[in-house]
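Trainee: Got a minute to go through this one with me? I'd like to start with some helix packing and then wander about a bit.

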Amino acid sequence: MPSVSNTPLITNEVAVSVRNLGLTYTTAIDRRPTLKARLKSLGGKQTRTIRALDDVNLDIEYGQVLGVIGTNGAGKSSLMRVIAGILPPSQGRVEVYGSVSTLLALGVGFNPAMSGRDNVLLGGLAAGMSRDEIEQHFDEIADFSELGEAIDSPMRSYSSGMYARLAFSVAATVRPDILIVDEALSTGDAKFKEKSLNRIKELRSEDRALILVSHAMRTLREVCNDIAWLHKGKLIQRGEPNTVIDAYQEFLHLGKSAVVDEDL
Amino acid sequence: MSAPLQVYEPFRAGLPPLGRYWKSLWARRTFISQYSKSELREQHFDSVFGQLWLVLNPLLLSAVYFLLIVIIGGSSDSTRYGHLTASLFLFYLVSNSLTGGVKSVTAGQRLILNTAFPRIMLPISATIIALFKFLPTLLVFLVMRTIIGLPFGWEMLWAIPVFFITMLFALGVAITISCVNVYFRDITSFLPYLTRTLLYLSPILYEASSLSPKLRALEVFNPLFPILDSWSKAVVHSQVPETSSMLQGLAWALGIFLVGTYFFLSREREFAVRL
């Protein structure tokens with residue numbers, strides 16, 4: 001491990017380069033696409049096109065801790081999924097130098113009938129890790145999540161807090177070059193929040209790029225050295241955390257009350 | 001930094017680069033075995049009674065069908081019972097693969113939305129699970145056929161290529177149906193009718209040779225017909241299966257596998273937005 005300073009240096013080594021990225025997709029208007037629905041509306045148009053990302057240009061360098069903010073539906077998660085290689089872009093080009101965490105954390109728990117242990121193992125294997133690699137990290141994950149014996153019970157018996165704790169523990173323990181943490185920051189009780197924030201700070205280093213998608217502005221102000229603000233699929237502003245967050249909060253016509261800072 | 005570079009660009013319609021796809025699939029083969037293991041454990045097939053049920057269920061079923069044949073048909077012998085059991089066991093391999101495969105992609109939604117991996121792993125796992133459920137029944141059949149005194153012979157080895165054809169077919173249907181289910185979720189409701197129809201149209205409750213030639217002309221439309229016929233010839237009668245049957249079964253299996261895989265691979269990149 002390289003030395004971890006409180007304000008990591010930006011090394012100017014590009015981790016992710018996003019060029020003119022556009023993402024459109026068509027979804028069915030029906031909630032569930034069925035044969036019955038398709039037959040009923042034969043000939044009629046039953047899809048609508050969603051423009052999730054529109055001409056986004058973004059460079060992320062190693063050493064950077066980038067916070068991504070925006071209202072719901074701004075395209076934050078879509079952007080993360082393109083960077084992780086889950087959604088293919090419709091236009092533009094994305095270059096990723098290094099291994100991405102592939103939002104691993106959120107894939108954990110895909111099968112609620114299986115135990116937390118199985119889910120962690122399967123999520124890791126699907127992401128392309130080896131069994132040894134996962135088993136090596138497993139104790140650390142279990143320790144960090146503080147789930148105790150619950151790790152071996154089916155995940156459907158977990159509370160949403162326990163769910164989130166396990167997910168964050170996976171994200172924080174597996175150490176990829178580029179780590180994406182999507183909303184997982186602001187979950188759990190106060191004690192776990194504190195703990196996860198500290199872990200994020202530990203993970204900042206010169207040879208890692210961190211991307212945090214969050215609505216917890218105070219946390220972002222504290223941790224990030226760069227903020228990107230997305231709105232309706234477009235990159236509105238990018239730059240120094242306090243400046244961008246202030247502009248964002250002004251845009252939302254909201255004062256800087258403590259509630260807004262933390263829970264927006 | 002010697003970091004690997006990955007480029008994501010708009011994809012053209014059609015297949016992804018197959019070489020890279022295969023490499024990434026092969027690297028994740030432990031996922032498939034681990035997933036099958038966990039799934040079987042979750043369904044309690046690692047316990048004694050779970051395994052017993054695995055064997056008991058088709059055995060009881062074959063007993064019920066046997067009763068039916070005796071009552072309706074009148075005549076019966078041990079070969080008939082052997083044929084019924086062996087065919088039913090193999091049929092269950094395909095039907096388990098079908099019913100397990102249909103929801104494999106939609107059930108993996110959380111994983112698909114958050115992890116990049118070859119999606120075809122999911123229906124493959126479903127087929128492997130069906131295979132693990134099949135293996136103990138094969139053992140039961142071997143014991144049974146010894147008890148009821150069916151002939152042994154080297155011709156039984158023909159069961160091996162027939163088995164591989166069946167696996168290819170089972171894999172093909174699992175891949176196809178899992179892909180179809182993404183676009184038409186109600187296909188799951190049709191499935192019981194499909195498997196039921198297949199069961200009655202295939203030479204399971206009767207032997208292929210006992211069908212009238214007029215009816216046998218229709219068998220070309222049923223992929224399972226030549227497969228089950230060859231299977232019964234080899235494992236029950238200890239005879240060499242007809243080459244034409246084997247080839248016909250292979251053609252069906254290969255056809256469904258290739259068409260299904262083509263559809264799956266060319267569609268899988270948009271699964272994430274379809275789920």
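Trainee: Which residues in H8(B) meet which residues in H11(B)?
Mentor: Keep in mind that this is a predicted model. From H8(B) the contact uses Ala159(B), Val162(B), Ile165(B), Thr166(B) and Phe169(B). On the H11(B) side they meet Ile227(B), Ser230(B), Trp231(B), Ala234(B) and Val235(B).

Trainee: How does that contact divide into nonpolar, polar and charged?
Mentor: Eight of the residues are nonpolar and two are polar, with no charged ones.

Trainee: And the geometry? At what angle do the axes of H8(B) and H11(B) cross?
Mentor: Roughly 155°, and the axes come within 9 Å. An angle over 145° counts as roughly antiparallel, so that is what H8(B) and H11(B) are to each other. The crossing is left-handed.

Trainee: Let me pick on Val162(B). Buried or exposed?
Mentor: Buried, because 25 other C-beta atoms lie within 10 Å of Val162(B) and the cut-off is 20 or more. Val162(B) is part of H8(B), which covers residues 159–183.

Trainee: What does Val162(B) touch, leaving out residues up to four places away in sequence?
Mentor: Ile227(B), Ser230(B), Trp231(B) and Ala234(B), plus Pro241(B) and Met246(B). The first four names there also turn up on the H11(B) side of the helix contact.

Trainee: How far is Val162(B) from Glu268(B) in space?
Mentor: 30 Å, C-alpha to C-alpha, with their positions 106 residues apart in sequence.

Trainee: Back to H11(B). How do the axes of H4(B) and H11(B) cross?
Mentor: H4(B) is residues 78–102 and H11(B) is residues 224–235; their axes come within 10 Å and cross at roughly 135°. That makes H4(B) oblique to H11(B). The crossing here is right-handed.

Trainee: Which residues make that contact?
Mentor: H4(B) puts in His83(B), Ala86(B), Ser87(B), Leu90(B), Phe91(B) and Val94(B). From H11(B) you get Leu224(B), Leu228(B), Trp231(B), Ser232(B) and Val235(B). By class that is eight nonpolar, three polar and no charged.

Trainee: Switching chains. What's the secondary structure of chain A?
Mentor: Ten helices and eight strands. Chain A has 264 residues, and 45% of them count as buried. If you take contacts in chain A between residues at least 6 apart in sequence, 71% join residues at least 24 apart.

Trainee: What's the strand order in the open sheet of chain A?
Mentor: S5-S6-S3-S7-S8, five strands with mixed pairing. S5 (178–182) and S8 are at the edges with a single partner strand each, so one side of each has no neighbour in the sheet. On average, neighbouring strands are turned by 20° against each other, direction ignored.

Trainee: How does S7(A) pair with S3(A)?
Mentor: S3(A), residues 65–69, and S7(A), residues 226–231, run parallel and are joined by four bridges. Gly67(A) has Ile227(A) as its bridge partner in S7(A).

Trainee: And how many bridges join S7(A) to S8(A)?
Mentor: Five, with the two strands antiparallel. One pair is Leu230(A) with Leu235(A) in S8(A), and Ile227(A) stands opposite Gly239(A). S7(A) and S8(A) make a hairpin with two residues between them, and Lys232(A) in the turn has a positive phi of about 50°.

Trainee: Which helix lies across S3, S7 and S8 of chain A?
Mentor: H9(A), residues 241–251, running at about 25° to S7(A).

Trainee: Last topic, the interface. How many residues of chain B are in contact with chain A?
Mentor: 33 residues of chain B, in contact with 44 residues of chain A. On the chain B side, the elements that give two or more residues are S1 (5–8), H2 (29–42), H6 (109–114) and H13 (271–274). H2(B) has the largest share, six residues. The chain B side divides into 19 nonpolar, seven polar and seven charged residues.

Trainee: Which strand of chain A pairs with S1(B)?
Mentor: S4(A), residues 91–97, in the antiparallel sense over four bridges. In that pairing Val94(A) stands opposite Tyr8(B).

Terms used: Residues are numbered from 1 along each chain as its sequence is written. Chains are lettered from A and ligands numbered from 1 in the order in which they are written. This is a predicted model: local features need pLDDT of at least 70, side-chain atom pairs count only at pLDDT 80 or more; totals for chains, interfaces and linings use all residues. Axes are lines fitted to C-alpha atoms, for helices over the stretch in contact, and angles run from 0 to 180 degrees between N-to-C directions. Angles under 35 degrees count as roughly parallel, over 145 as roughly antiparallel, 65 to 115 as roughly perpendicular and the rest as oblique. A crossing is left-handed if the near helix is turned anticlockwise from the far one by less than a right angle, and right-handed if clockwise. Two residues are in contact if their C-beta atoms, placed from the backbone, lie within 7 Å. Ala, Val, Leu, Ile, Met, Phe, Trp, Tyr, Cys and Pro count as nonpolar, Asp, Glu, Lys and Arg as charged, and the others, Gly among them, as polar. A residue is buried if 20 or more other C-beta atoms lie within 10 Å of its own, exposed if 12 or fewer, and partly exposed in between; C-beta atoms are placed from the backbone. Two strands pair if DSSP finds at least two bridges between them.
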